[in-house]
Amino acid sequence: MKKSFLTISLSLLLGLQFLFAQSYEVAGIEKSDKEDMRYEVLGKVGSRYWIYKNVGGVATIAQYNDRMQLVKQNDLSFIKTTNLNGIEFITNETNVYVFFQFQVKATVYAAVAELNSDGLLVGSPRVVDSADKIRPGTRVKVFNLLESEDRQKMVIFSVNTTNANSIKVRAITLNKNIENVNDAEISINSTNKKSSLSDFALDNNGNLFCLRNVTQANMSPAVSLLYLSATGAEVVESPILNNSLLLDDIRVKIDNKSGHVILNSYYATTQKGNIEGLYSYVWDINSKKEILTNSNRFTDAVRGLVTNKRNLKAAFDMFYLDKVSTQADGSFVVVSEAAESYSNRTMFSRWDYFYGGPFYNPFMFNYWNRPFGFYPWARFGWANPFMYNRWMNPYASFGYPSVTYNANNIALLSFDIKGNLQWVKTIDKKQTDQNVDQFIGYGSIENEAGMSFVYHQKQKGVNQLIVNTLSKEGQLVKGNSIILNEKNYEWMPKSLKQVGAHEAILPYQYKNKIGFAKIQIK
């Protein structure tokens with residue numbers, strides 16, 4: 001009898017643990033959090049959750065406890081937001097580094113400051129680099145920050161395209177204690193004035209990689225992979241030779257475990273044709289050369305897995321590469337989401353976004369979990385990342401068209417070490433919004449169990465967060481949903497920021513003001 005009682009008690013305990021595995025805590029909206037607030041979720045420092053806020057030009061750090069109650073809020077008085085050109089953060093367990101750039105007359109300065117676990121400034125901010133001859137008042141972001149996957153190195157770099165014949169990249173490498181490790185200035189010969197660099201990535205050794213795009217008349221851009229050594233002493237350019245496929249929005253991923261650089265792109269075979277498949281290119285860092293190219297043409301069976309439409313030829317036309325997850329054996333999973341926008345006056349298609357657009361800038365926005373940027377219209381600057389009030393969108397009034405944004409199915413495509421397609425899995429969803437795109441899309445949480453995808457769904461009057469997890473073994477499992485009880489709250493799943501192995505901060509809007517909730521998944 002005693003054994004039975006213990007067994008029953010243990011079963012109840014496990015059941016309760018499972019029941020409360022998916023949960024959330026909502027923070028109240030502070031009076032100072034006005035509708036024009038700019039913010040960034042920084043992560044967890046010690047036992048508190050940090051959020052950067054900028055309201056009316058006053059920059060602060062808000063700290064919340066485990067119940068999402070505001071504990072303290074410190075002013076960042078050393079930052080003058082009136083001449084701030086950009087701000088980024090590196091969050092650690094016991095401190096936070098603030099990287100910011102500001103302009104004085106025609107000079108933009110890049111500086112770094114350290115905040116301790118109480119949110120207080122340690123010492124004084126230090127200027128790391130500067131750039132001259134920048135037009136005053138442009139608020140241009142000159143410097144960009146990258147952190148290596150192992151979090152041991154950071155690089156602050158800038159790209160100077162003033163001289164059409166020579167693109168200059170200046171890179172300053174810092175260690176995890178923000179001490180200077182290397183200072184390099186790299187010159188890249190450019191015979192074409194329309195040559196541009198994009199999709200920068202940093203490996204664990206401090207080497208910098210990017211794409212070079214050269215515009216060609218009546219042809220797709222000529223693309224090559226650039227390797228810029230950590231010391232700046234070596235530059236290697238590897239052309240991506242491709243005479244038959246039209247590549248769209250090539251994406252760079254560093255696989256530090258295998259020492260490879262992986263490039264992926266959807267491709268078509270004719271101008272304004274349908275997406276035919278996915279092209280992969282693998283470059284070995286040690287030998288500094290291409291070791292693999294592969295073009296996976298999608299069969300009708302594969303197309304049928306990602307759409308329920310009869311026209312299978314167009315199945316992948318609205319899918320855009322989102323992120324790449326590398327596996328221990330060198331294989332990788334490509335995550336892609338279907339996205340489209342249209343207005344009552346103009347219909348857009350994939351070809352309106354093709355090649356990422358002539359002004360594509362991978363550093364336009366600081367998106368946390370999705371390094372490739374969110375949606376194609378955002379890459380052109382057609383969506384304002386801070387326009388959360390749907391009634392303030394200029395497209396909705398004054399004679400401008402009303403814009404509809406759609407974010408639908410998520411496709412997961414697995415490839416082996418030779419770039420061959422192994423399987424395709426789909427998370428079915430359908431999200432639509434008018435004039436703003438902040439309340440559609442999804443966020444992701446990665447941990448020892450795999451990769452979890454979280455998105456908002458309202459069905460039969462019930463608001464809930466749907467959780468799907470792709471396990472390390474490639475199984476797609478639908479977990480318990482999180483029922484959201486608050487009324488008139490609009491949730492922002494694409495702005496979700498992971499802050500722990502099983503935790504994330506999810507922003508929301510209520511009466512045109514921004515608040516935050518902590519969610520916990522199993």
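This passage looks at model confidence and then at strand β29 and the strands paired with it.

The model is a predicted one, and its pLDDT averages 85 over the chain, with 85% of the residues scoring at least 70. Two stretches come out poorly. Over residues 1–20 the pLDDT stays under 50, and the model gives this stretch just two contacts beyond four places in sequence. Residues 380–399 also stay under 50, but here the model has 52 such contacts. Where pLDDT is low, the predicted coordinates shouldn't be read in detail.

Now for β29, which spans residues 462–471. Nine of its 10 residues are buried, so the strand is largely enclosed by the rest of the structure. On one side of the pairing list sits β28 (residues 450–459), which runs antiparallel to β29 and is joined to it by 10 bridges. One of the bridge pairs puts Ser 452 with Thr 469 of β29. Two residues separate β28 and β29 in a hairpin, and Lys 460 in that turn has a positive phi of about 55 degrees.

β29 also pairs with β30 (residues 476–478), again antiparallel, through three bridges. Thr 469 turns up here too, standing opposite Val 477 in β30. The hairpin of β29 and β30 has four residues between the strands, and Gly 474 takes a positive phi near 90 degrees. Finally, β31 (residues 482–484) runs antiparallel to β29, with three bridges joining the two; Gln 464 has Ile 483 of β31 as its bridge partner.

Note on methods. Residues are numbered from 1 along each chain as its sequence is written. This is a predicted model: local features need pLDDT of at least 70, side-chain atom pairs count only at pLDDT 80 or more; totals for chains, interfaces and linings use all residues. Side-chain values use heavy atoms; hydrogens and water are left out. pLDDT is the predictor's confidence in each residue, from 0 to 100. Contact means heavy atoms within 4.5 Å. Buried means under 20% relative accessible area, exposed over 50%, partly exposed in between (1.4 Å probe, protein chains only). Two strands pair if DSSP finds at least two bridges between them.
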